[in-house]
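Hi everyone, and thanks for making the time. I'd like to walk you through one structure, so please have it open in your viewer while I talk.

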Amino acid sequence: MTGRRLPAPVICVDGPSGSGKGSLATALAERLGWRYLESGALYRVIGAMALERGVATDDEAALASLAQGLDIELAGEGAQADGIDLTERIRDEDVAAAASEAARHPQVRQAILTQQRRAAETAAAEPPAEGTPGLVADGRDMGTVVFPDAELKIFLDASAEERAQRRYKQLRNKGMTVNLRNVLANIRDRDARDKGRAASPLQPASDAVIIDSTDMTITDVLRQALALVRERGLA
Ligand code: C5P
């Protein structure tokens with residue numbers, strides 16, 4: 001906490017891939033009538049554009065300059081960069097890997113920090129129709145770096161095996177041919193990179209509430225999160 005006031009109340013939902021943070025964050029935003037920021041989509045857009053433009057994911061300066069120059073728009077499920085529709089592309093596994101490689105670099109993280117913080121200003125100035133000012137932001141470092149003064153920080157975790165199972169089912173439901181062992185290996189690789197990096201590693205903020213969703217349904221998780229929201233006087 002830095003004691004600085006945010007333009008609108010903010011709830012952070014951080015956690016590793018497949019922990020269910022996206023489902024929780026979108027459900028909370030919908031219930032509260034607040035805006036939603038999926039920060040992982042910003043990193044995924046950078047990963048997709050790096051692959052598209054042949055920028056190596058170990059070239060920090062080139063990636064940062066790519067990130068600074070991109071005009072990124074996220075709207076609901078939709079994602080665009082410089083007018084190119086990346087909605088489907090950013091969900092691909094090669095893009096997820098490129099995103100997590102690009103996200104290791106401090107200059108890349110710095111390049112999108114302002115855009116992430118601007119989401120709280122937009123939430124204050126332009127709440128959703130019939131909603132109220134407020135932002136639910138999900139990612140890895142929402143509570144530790146981007147919004148250290150958030151009113152509520154949730155760190156959603158689950159075992160790697162459970163997260164792999166969920167991701168496997170999702171991909172199968174999309175009609176994709178996948179192998180559970182590969183999905184688990186991808187999750188473990190991404191965990192290692194996200195937790196092991198020097199810049200904004202994945203870790204709970206000291207004032208975060210940790211929820212382990214391994215044996216919980218999304219309904220249970222949402223119920224627990226809504227109880228915290230009420231406790232903090234946010235609804
Ligand atoms: O959340 P999602 O899995 O879509 O994020 C893709 C990648 O972007 C993550 O593996 C992580 O490396 C990176 N990321 C990050 N910080 C965030 C959100 C995502 O480093 N706040």
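**The small sheet**

Let's begin with an open sheet of three strands, in the order β3-β4-β5 and with antiparallel pairing. The edges of this sheet are β3 and β5, each of which pairs on one side only. Before I go further, please keep in mind that this is a predicted model.

Now, strand by strand. β3 covers residues 72-75 and runs antiparallel to β4, with four bridges joining the two. If you want a landmark there, find leucine 74, which stands opposite alanine 79 in β4. Two residues sit between β3 and β4 in their hairpin, and glycine 76 in that turn has a positive phi of about 60 degrees.

On the other side, β4 pairs with β5, residues 84-85, again in the antiparallel sense, over two bridges. Here the landmark is glutamine 80, whose bridge partner in β5 is aspartate 85. This is a hairpin too, with two residues between the strands, and aspartate 82 in the turn has a positive phi of about 50 degrees.

So which residues of β4 point to the buried face? Ala79 and Ala81 do: they point to one face and are buried, while Gly78 and Gln80 point to the other and are not. That is the general pattern, since side chains in a regular strand alternate between the two faces of the sheet.

**Stepping back to the whole protein**

Let me zoom out for a moment. The protein has ten helices and eight strands. Its C-alpha atoms fill a box of roughly 45 × 40 × 35 Å along the principal axes. For 235 residues, a compact globule would have a radius of gyration near 18 Å, and the protein agrees with that, at 17 Å.

How much of the protein is buried? Of its 235 residues, 46% count as buried. The exposed area is about 11600 Å², with carbon and sulfur atoms supplying 46% of that area. And if we take contacts between residues at least 6 apart in sequence, 78% of them join residues at least 24 apart.

**A buried valine**

Valine 13 gives us an example of such a long-range link. Look for valine 13 in strand β1, residues 10-14. Is valine 13 buried or exposed? Its relative accessible area is 0%, so it is buried. The C-alpha atoms of valine 13 and aspartate 138 are separated by 4.6 Å, although the two residues are 125 apart along the chain. Beyond its neighbours up to four places away in sequence, valine 13 touches a whole set of residues, including Lys21, Leu24, Leu28, Val136, Asp138 and Ile154.

**Around the ligand**

Now to the ligand, which I suspect is what many of you came for. There are 15 residues around the ligand, and those that come nearest are Arg44, Arg109, Arg140, Asp141 and Asp194.

Let's take the polar atoms one at a time. The side chain of arginine 109 has an N or O atom 2.8 Å from an oxygen atom of the ligand. For aspartate 141, the distance from a side-chain N or O atom to a nitrogen atom of the ligand is 2.9 Å. Arginine 197 also has a side-chain N or O atom 2.9 Å from an oxygen atom of the ligand. As for how covered the ligand is, it has 450 Å² of accessible area on its own, and the protein covers 97% of that.

Two residues here deserve a closer look. The first stop is arginine 140, in the loop between β6 (135-139) and α7 (142-146). Why do we call arginine 140 buried? Because its relative accessible area is 14%, and the cut-off for buried is under 20%. The side chain of arginine 140 makes a polar contact of 3.2 Å with the side chain of aspartate 194. Arginine 140 also touches Asp14, Lys21, Arg190, Arg197 and Gln203, among others.

The other stop is serine 200, in the loop between α9 (180-196) and β8 (209-212). Serine 200 is buried as well, with a relative accessible area of 18%. A polar contact of 3.4 Å joins its side chain to the side chain of arginine 109, the residue whose side chain we just placed 2.8 Å from a ligand oxygen. Leaving aside neighbours within four places in sequence, serine 200 is in contact with Arg109, Asp141 and Val145.

That's my tour; thanks for listening.

Key. Residues are numbered from 1 along each chain as its sequence is written. This is a predicted model: local features need pLDDT of at least 70, side-chain atom pairs count only at pLDDT 80 or more; totals for chains, interfaces and linings use all residues. Side-chain values use heavy atoms; hydrogens and water are left out. Buried means under 20% relative accessible area, exposed over 50%, partly exposed in between (1.4 Å probe, protein chains only). Contact means heavy atoms within 4.5 Å. Two strands pair if DSSP finds at least two bridges between them. A residue is near a molecule or strand if one of its heavy atoms lies within 4 Å of it. A polar contact is a pair of N or O atoms within 3.5 Å; within protein, one must be able to donate a hydrogen and the other to accept it, and residues adjacent in sequence count only if both atoms are side-chain atoms. Accessible areas come from the Shrake-Rupley method with a 1.4 Å probe; for residues, only the protein chains shown count as cover. The radius of gyration is taken over C-alpha atoms; the globule rule is 2.2 Å times the number of residues to the power 0.38.
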